[in-house]
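Let's take a walk through this fold, starting with the backbone and ending at the ligand. Have the coordinates open as you read.

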Amino acid sequence: MDERKNPNIHCTVDQCRHNLCSENYCTLAQVSIGTHEANPSVPECVDCNSFEKRSGCC
Ligand code: SF4
């Protein structure tokens with residue numbers, strides 16, 4: 001896993017294996033964003049589709 005943060009992608013999802021927990025940034029070069037709603041209207045409707053569950057702790 002690439003441990004360098006991407007300063008353009010702030011993220012606090014510690015449960016994701018791509019998250020640099022110590023700094024709350026994503027380590028991917030880019031992420032894929034989508035929605036699970038037919039008509040998204042609030043931030044909760046939007047998802048990071050690049051999420052992958054972390055196997056261990058941060
Ligand atoms: S892949 Fe998505 S959920 Fe995971 S750290 Fe990056 S931005 Fe956050």
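What follows goes from the overall layout to the pocket and then to a side-chain contact.

Keep in mind that this is a predicted model. The chain has four strands and zero helices, so to speak a plain β-β-β-β run from the N terminus on. Along its principal axes, the C-alpha trace spans about 35 × 25 × 15 Å.

Now look for the empty space. Rolling a probe the size of a water molecule over the atoms shows where such space is left. The largest pocket holds about 220 Å³ of space, and 16 residues line it. If you want to find its centre, head for Cys-11, Val-13, Val-31, Ile-33 and Cys-48, the lining residues that lie nearest to it. Strand β4, residues 46-48, gives the most to this lining, with three residues. By character, the lining divides into 11 nonpolar residues, four polar and one charged.

And what takes up that space? The ligand does: its place is the largest pocket. Around the ligand you'll find Ile-9, Cys-11, Cys-16, His-18, Asn-19, Cys-26, Leu-28, Val-31, Cys-48 and Ser-50. This shell splits into seven nonpolar and three polar residues, with no charged ones. Cys-11, Val-31 and Cys-48 turn up twice, as they are part of the ligand's surroundings and also among the residues nearest the pocket centre.

Last, the rings. A search of the whole structure for aromatic pairs finds zero. Tyr-25 does have a partner of another kind, though: the charged end of Lys-5 sits over the Tyr-25 ring, 4.5 Å from the ring centre.

Note on methods:
Residues are numbered from 1 along each chain as its sequence is written. This is a predicted model: local features need pLDDT of at least 70, side-chain atom pairs count only at pLDDT 80 or more; totals for chains, interfaces and linings use all residues. Side-chain values use heavy atoms; hydrogens and water are left out. A residue is near a molecule or strand if one of its heavy atoms lies within 4 Å of it. On a 1 Å grid over the protein atoms alone, a cavity is a set of points where a 1.4 Å probe fits but cannot get out, and a pocket is an open set with protein on both sides within 12 Å along at least five of seven lines; lining residues have an atom within 4 Å of a point. A molecule sits in a cavity or pocket if more than half of its atoms lie within 2 Å of its grid points. Ala, Val, Leu, Ile, Met, Phe, Trp, Tyr, Cys and Pro count as nonpolar, Asp, Glu, Lys and Arg as charged, and the others, Gly among them, as polar. Grid points are joined across faces, edges and corners, and a volume is the space filled by probe spheres set on the points. Helices (H or I, at least four residues) and strands (E, at least two) are DSSP runs, numbered from the N terminus. Rings of Phe, Tyr and Trp (its six-membered ring) pair if their centres lie within 6.5 Å; planes under 30 degrees apart count as stacked, over 60 as edge-to-face and the rest as tilted. A charge sits over a ring if NZ of Lys or CZ of Arg is within 6 Å of the ring centre and within 35 degrees of the ring normal.
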